[in-house]
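I opened the model to look up helix packing, the sheet and the surroundings of the ligand. My entries follow in that order.

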Amino acid sequence: MAPPAPAPAHVLVFPFPLQGHINCMLHLATALVGAGVLVTFVHTDHNLRRLERASASGSSASPSLRFLSVPDGLPDDDPRSAGGLLELLQSMRAVASVAYRALLASLLSTARPTRPDHHDGGFPPVTCLVADGYLPWTIDIADELGVPVLAFPTSSACSTLVYLSVPRLFELGELPFPAGGDLDEPVHGVPGMESFLRRRHLPSPFRPVGENGVNPRVHVLSKYTFHSGKARALILNTAASLERPALAHIAPHMRDVFAVGTLHAMSPAPPAVASSLWREDDGCMAWLDGQADRSVVYVSLGSFAVISREQFMEVLSGLVATGYPFLWVLLPDMVGVSQDAVFQEVARAVGDGGGKQTRIVEWARQRDVLRHRAVGCFLTHAGWNSTLEGTVEGVPMVCWPFFADQQISSRFVGAVWKTGLDMKDVCERGVVERTMREAVESAEIRWSI
Ligand code: UDP
């Protein structure tokens, strides 16, 4: 008699509860399901409720992908905004870790899961975990319970390499940056990146704090990154064609490294499951249908950036001066004024009849927008997902980076891949107008992998 077929692999995926991490991990989950693997995807309770509210499609469209949740430990009315990132990190470690450990223990046994809403659904015991780079303690829990784990920072290989280079940057005396020093000084301590990396391109926590102080986040994130070396392997949402030298320099620090990206491009359509924390505006696709080819500027600063009224006015004035139609994603709490005030400013800036020229939405189906023939330029904050999405679709980008790894991604776009222009920290109407025109009109910038 033939031996029974082995149980299928069952992977537990748990993203840090921010939109960029969720999207990236969901693309990974979709790819795994496509390869015949069962996936349990863990959200926070708060996000699972938001996803259900924001989506018409419900939870999982595949019997091989199910969603469970754990508490994030924050009060329900906490805004979970950029300013509260530290609290979220801490509360995930203190509260979510306990629930996550209990969940994993229950999914490893044949016993029923610990919460009545955590049905086993006929899934076999978990065989592997995916650990988000912001949740390094999941590696320890995996270790303790004897489950293989893959570390998955959802940012670029270069940003991982920068955090692995922190000890060298100190040895070379390149850290801390002198307060008030020239941000255009080259950085030598990140191997393979010497020819183009300047101080200004290192992640935002590297900027000096007070008199020659180092932001404690540099040490924390560096520690997290080194911790990935304890996992069976590091996987990155990148490709050798994009970041070959960074991948080579990461390898000695890890047990193994795999470039598994670009993940969103591997699924033929966006995952047929709820993935957006905000309700997507479908009307903007019909609006794009009415625009000329490559005429529209798509503006999205991701899910986390916040801009002042002054910055908003500079970008708006620069955009209006170009005369290009624009589609702008503006979350309700993104500008430091009410949404009504935002609409009034836009109406005043574009004048009579400007409605045909502009559309402001709370959230869009970004991947579909970037693929639309009418989109000719992407003004982006250069979050890693957005950078990859713009690059894959071959839409020229203008990068206006805010924080985290966005400065590095902008540098790659402007100086390494040359798929767009880096506006750096500058937010001034004349610069916005000039850069936008150059991105749309230059024949040299459009490129895709
Ligand atoms: N996104 C979207 N609709 C929008 C704006 C953004 O679907 O209106 C998606 C975008 O496609 C990307 C993610 O949200 O996958 C944002 O991730 P990213 O890493 O670019 O930026 P973050 O939000 O983490 O700063």
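**Helix pair α3 and α4**

I looked first at helix α3 (residues 85–108) and helix α4 (residues 137–145), which pack at an angle of about 35° with their axes 10 Å apart. The model is predicted: local features need pLDDT of at least 70, side-chain atom pairs count only at pLDDT 80 or more, and totals for chains, interfaces and linings use all residues. Residues are numbered from 1 along each chain as its sequence is written. Helices (H or I, at least four residues) and strands (E, at least two) are DSSP runs, numbered from the N terminus. Axes are lines fitted to C-alpha atoms, for helices over the stretch in contact, and angles run from 0 to 180 degrees between N-to-C directions.

I noted a right-handed crossing for α3 and α4 (the near helix is turned clockwise from the far one by less than a right angle; anticlockwise would be left-handed). On α3 the contact uses R93, S97, Y100, R101, L104, A105 and L108, and on α4 it uses W137, T138, I141 and L145 (contact: C-beta atoms, placed from the backbone, within 7 Å). I sorted these residues into seven nonpolar, two polar and two charged (Ala, Val, Leu, Ile, Met, Phe, Trp, Tyr, Cys and Pro are nonpolar, Asp, Glu, Lys and Arg charged, the others, Gly among them, polar).

**Helix pair α5 and α8**

Helix α5 (residues 157–164) packs on helix α8 (residues 240–250) at about 40°, with axes 9 Å apart. I found the crossing to be left-handed. A157, C158, T160, L161 and L164 of α5 meet E243, A246, L247, H249 and I250 of α8.

**Sheet**

I traced an open sheet of seven strands with parallel pairing, in the order β3-β2-β1-β4-β5-β6-β7 (two strands pair if DSSP finds at least two bridges between them). Its edge strands are β3 (65–70) and β7 (257–259). β2 (residues 38–44) runs parallel to β3 and is joined to it by six bridges. T40 stands opposite R66 in β3. α4 packs on this sheet and touches β1 (10–14), β4 (128–132) and β5 (149–152).

**Ligand shell**

Which residues are closest to the ligand? I listed G20, G302, Q366, G383 and S386, out of 19 that surround it (C-beta atom, placed from the backbone, within 6 Å). α14 gives the most, with four residues. I counted six nonpolar, 11 polar and two charged residues in the shell. Domain 1 (1–277) and domain 2 (283–441) each supply at least three; the bounds come from an automatic or database domain assignment.

Notes: Two residues are in contact if their C-beta atoms, placed from the backbone, lie within 7 Å.
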